[in-house]
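Grab a pencil and open the viewer: here are a few exercises to work through, each with its solution. Have a go before reading on.

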Amino acid sequence: MVDAVIVGAGHNGLVAAAYLARAGLDVEVVERREIVGGCCVTEELWPGVRASPGAYTLSLLRGRIIDELGLGRHGLDVRAHEPYLFAPQPDGRKVVTWSSRERTVSQLERDWSAADARGYAEWSQRWETAAARVQKIIGHQGAGSQDSAVDSGARVPGRSSVTRPAAAIGPSRVPPR
Ligand SMILES: Cc1cc2nc3c(=O)[nH]c(=O)nc-3n(C[C@H](O)[C@H](O)[C@H](O)COP(=O)(O)OP(=O)(O)OC[C@H]3O[C@@H](n4cnc5c(N)ncnc54)[C@H](O)[C@@H]3O)c2cc1C
């Protein structure tokens with residue numbers, strides 16, 4: 001008999017399970033697919049081509065979760081991918097964006113027009129302003145920083161296992177801090 005059952009081993013289910021296990025509960029995660037991670041997985045989509053079929057950019061994972069669950073020790077290695085976006089067009093042209101807005105603006109100016117580059121800069125600034133407001137609401141400050149939204153909870157190590165409804169995929173123990 002377990003204390004909590006999480007249905008779905010996407011990253012939200014796994015994070016919830018890890019925190020519950022850290023608080024000393026016996027947690028079972030059930031996942032219908034062969035692999036865990038939900039939309040955030042790497043799969044061989046075509047022979048020899050491994051990529052994410054869903055999420056491709058880490059944007060909202062709280063730094064506090066990375067720190068508290070020791071995700072770095074478990075292999076999390078976050079890197080900026082450049083260019084950020086490459087969108088080939090049917091007519092042979094392309095849309096390329098970079099992490100740096102200035103670099104993107106120069107690229108759009110070269111590949112499209114000065115007006116398009118200006119339009120992008122204005123659009124991008126609008127989103128940055130909106131994002132800054134939302135960040136205050138959700139308490140997100142980016143990877144590696146601390147936020148106040150999550151109570152660190154008990155430090156008692158718990159037990160967690162990831163199973164499919166029909167068969168166990170494998171147990172995983174969440175280490176104590
Ligand atoms: C195409 C696409 C691109 C995206 N790009 C990004 C991005 O770049 N950056 C970003 O931050 N976010 C992105 N997102 C959003 C992000 O993927 C989701 O917000 C995130 O995956 C939600 O996590 P989750 O754990 O709640 O659910 P999911 O990742 O959806 O995981 C749910 C899990 O539950 C399992 N499940 C469902 N029902 C059952 C059941 N009855 N029994 C057992 N298991 C069940 C599923 O198989 C799955 O593994 C993208 C989403 C999509 C679809």
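**Exercise 1.** Work out what span helix α4 should have, and compare it with the distance between its end C-alpha atoms.

*Solution.* This is a predicted model, so we're checking the geometry of a prediction. Helix α4 runs over residues 114-138, which makes 25 residues. The rule is 1.5 Å times one less than the number of residues. That gives an expected 36 Å, and the end C-alpha atoms are 36 Å apart, so the two agree.

Now for its surroundings: how many of the 25 residues of α4 are buried? The count is zero, so to speak a helix that is hardly covered.

**Exercise 2.** Decide whether glutamate 109 is buried, exposed or partly exposed, then find its contacts.

*Solution.* Start by placing it: glutamate 109 sits in helix α3, residues 101-111. Next, count neighbours: 16 other C-beta atoms lie within 10 Å. Buried takes 20 or more and exposed takes 12 or fewer, so glutamate 109 comes out as partly exposed.

For contacts, leave out residues up to four places away in sequence; glutamate 109 then touches Ala114 and Ala117. Finally, take tyrosine 120: it is eleven residues from glutamate 109 in sequence, and their C-alpha atoms are 9.9 Å apart.

**Exercise 3.** Find which helix gives the most to the largest nonpolar core, and which gives the most to the shell around the ligand.

*Solution.* List the core first. It has eleven residues: Ile6, Ala9, Leu14, Ala17, Ala18, Tyr19, Leu20, Ala21, Val27, Val29 and Val36. Both α1 and β2 (26-30) supply at least two of them, and α1 gives the most, with six.

Then turn to the ligand. Its shell has 20 residues, the closest being Gly8, Gly10, Gly38, Cys39 and Ala55. By class, that's eight nonpolar, nine polar and three charged. Helix α1 (residues 11-22) again comes up: it gives the most to this shell, with three residues.

**Exercise 4.** Describe how β5 and β6 pair, and pick out the backbone oddities in and before the hairpin.

*Solution.* Strands β5 (residues 85-88) and β6 (residues 94-97) run antiparallel and are joined by four bridges. Leucine 85, for one, has threonine 97 as its bridge partner. Five residues lie between the strands, and in this hairpin glycine 92 takes a positive phi near 95 degrees.

Now step back to the loop between α2 (63-68) and β5, where proline 83 lies. The bond joining glutamate 82 and proline 83 is cis, with omega about 0 degrees. For context, most peptide bonds are trans.

Note on methods
Residues numbered from 1 in each chain as written. Predicted model: local features only at pLDDT ≥ 70, side-chain atom pairs only at ≥ 80, totals over all residues. Near = placed C-beta within 6 Å. Helix = DSSP H or I, 4+ residues; strand = E, 2+ residues; numbered from the N terminus. Nonpolar A, V, L, I, M, F, W, Y, C, P; charged D, E, K, R; others polar. Pairing = 2+ DSSP bridges. Core = buried A, V, L, I, M, F, W, Y, C linked by C-beta atoms within 7 Å. Contact = placed C-beta atoms within 7 Å.
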